[in-house]
Amino acid sequence: MPSANAIPFFPTAGALALRLAPLAPLSFAAARLARSLGRRHPALFKRLGDQTGKTFLLDPTDLPFAFLLSPRPEAPGLKAVRRSSAGSWDARIAGSLAALIGLVHGAYDGDALFFSRDLVIEGDTEAVLALRNAIDNEEIDLARETAALFGPFESVALRPAHGLAALAARWTGVAFKRPERGTWE
Amino acid sequence: MTVGQALELVCPAGTPAALRAAVEAGAHAVYCGFNDETNARNFPGLNFSREEMAEAIAFAHRHGAKVLVALNTFPRAGAFSQWSAAVDDCARFGADAVILADLGLLEDASRRHPGLRLHLSVQAAAANADAINFYVRTFGVKRIVLPRVLTVQEIAAINREIEAETEVFIFGGLCVMAEGRCSLSSYATGKSPNMNGACSPASHVEYREEGGALVSRLGGFAIHRVAAGQPAPYPTLCKGVFEAGDYKGHVFEDPVSLDAAALIPQLAEAGVTALKIEGRQRSRAYTEAVVRSFRRALNDHAAGRPIAAGELRALTEGQQTTAGAYRKTWR
């Protein structure tokens, strides 16, 4: 497992540039990703149980915006928001973008990031734990999920998506792909 | 058992994904539980449905690993059938053992499922040979998970006087109390770790950033205020900071974790059969890293090579480790 001390931060210049970027295109892509994830991973909702009615603020602290996640089984939603206009939420999960992506990919342990203060949670702790455990069990691969957005061309898109993720991971140190573990011996 | 002989590595899994990670990382056995009050890690989003448990046991068996199912809470009055049915399901799914703590459940399981291997949970807090021999003779218990209050010498003494295997914790979170007898969390939350299955239930935990400090509350009571940059502990009362007279600090226990990797040879020499890793509430990343590290350590021990220790500190509560009661020293 990569050391929590080595978690990279999003470049400041890039974050500054993103302050001016419109969020609508990002929200459009995020919403599609959330709907696709919901279709492809229905067990997420079962593991979330009563917490599917909650709203989560996913807050990459090194970016000038955050995401509001509403994991409703009938219509899962994910949209980009400015922090000043995020509205109400039940639980906030905050950390660098790399930490949040690494959690999804199982590169980091959530408790270890909490101990080291690389991850901050606020609000409904029960909802946060349920979401963390539900995502951890699904072994999500964001490159694969992105390729799935191409519908019938998923298999064509998968190879370049994985290639890009591997390249980006090498360049940035961010866990854009799931760690390769291999079996014992 | 003598130095160099193989020890069994018993690893935690809170989800089917973590179980697969543990098996692939070299676990000899995995312990896990159902997603209800029958197990002492009854946390939101964690644990196994009946269907998942059956599939997990089949997966582990295909890969040569065992599955031990923890039914290690104490049945609530009037709800015994829930625990009893869980034992039935474990027998039906082919679990390699059930880990029980309650006397009534042990009696029920030993009578109705004589072929089902019984392990005594750490929750039973059996800490001397007489207590252990009672469980062994009365219910046919095959293995005892020893409480984390014993020295290596005490473990050796117990092993000389019992006819059962012993399993000891080697890594992970520590409880200050004799397990199964702690009610600290119940006072603050009204929920019992021993009967409802969750110490510091998440529904009663609140974190808030206040001026850079992390403030943790349990049941409305502030239990820590950790300055920026300092390691955060779990929100348990036993690791809280309180004022008592002129003293202000960790009244019960410091937030540190057990890491007894360096004591593997001594534990083997003391006659221990299996080493247990704590952490069913942790992610598959933790499971994979810790299991792989300890499997390597056990192989090194079996081959007579030196054991690397301390490489997992970043994963631990408080970012500090201790050998716990195994090596008692005066403070």
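**Charges over rings**

I started with K276(B): its charged end sits over the ring of Y31(B), 4.2 Å from the centre. Worth keeping in mind that this is a predicted model. I then looked up R148(B), which lies over the face of F169(B) at 4.0 Å from the ring centre.

**Aromatic pairs**

How many aromatic pairs does the structure hold over all chains? I get 10. I pulled up F115(A) and Y234(B) from that list: ring centres 4.9 Å apart and planes at 80°, so I noted the pair as edge-to-face. F115(A) is in helix α5 (residues 110–115) of chain A, while Y234(B) is in the loop between β10 (221–226) and β11 (241–244) of chain B, so this pair joins two chains. Buried or exposed? Both F115(A) and Y234(B) come out buried.

Next I checked F242(B) and F252(B). Their ring centres are 6.2 Å apart, and with the planes at 80° the pair is edge-to-face. F242(B) belongs to strand β11 of chain B and F252(B) to the loop between β12 (247–250) and β13 (257–259), so the pair ties together parts that are 10 residues apart in sequence. I looked up accessibility for these two as well. F242(B) has 22% relative accessibility; buried would need under 20%, so I wrote it down as partly exposed. F252(B), at 38%, is also partly exposed.

Back to the rings that involve both chains: F114(A), F115(A), Y207(B) and Y234(B) form one aromatic cluster.

**Interface between B and A**

I turned to the contact counts here. On the B side 49 residues are in contact with 36 residues of chain A. The buried area is about 3400 Å², and carbon and sulfur atoms give 51% of that. Which residues of chain B lose the most area to chain A? They are P44(B), Y207(B) and R284(B), together 21% of what that side buries. Y207(B) is the one I had just met in the aromatic cluster.

I also counted salt bridges between chain B and chain A, and there are 5. I looked up R284(B) again: its side chain meets that of D136(A) in a salt bridge, at 3.1 Å from N to O.

**A hairpin in chain A**

Last stop was β2(A) and β3(A), which form a hairpin with 6 residues between them. Strand β2 (residues 66–70) runs antiparallel to β3(A), and 5 bridges join the two. One bridge I looked up puts L69(A) opposite its partner L78(A) in β3(A). For β3 (residues 77–81) of chain A, 4 of the 5 residues are buried, so I noted this strand as largely enclosed by the rest of the structure.

Methods:
Residues numbered from 1 in each chain as written. Chains lettered and ligands numbered in written order. Predicted model: local features only at pLDDT ≥ 70, side-chain atom pairs only at ≥ 80, totals over all residues. Heavy atoms only, no water. Phe/Tyr/Trp six-rings, centres within 6.5 Å; stacked < 30°, edge-to-face > 60°. Buried < 20%, exposed > 50% of the residue type's maximum accessible area, 1.4 Å probe, protein only. Lys NZ or Arg CZ within 6 Å of the ring centre and 35° of its normal. Pairing = 2+ DSSP bridges. Contact = heavy atoms within 4.5 Å. Buried area = accessible area lost by both parts, 1.4 Å probe. Salt bridge = Lys/Arg side-chain N within 4 Å of Asp/Glu carboxyl O.
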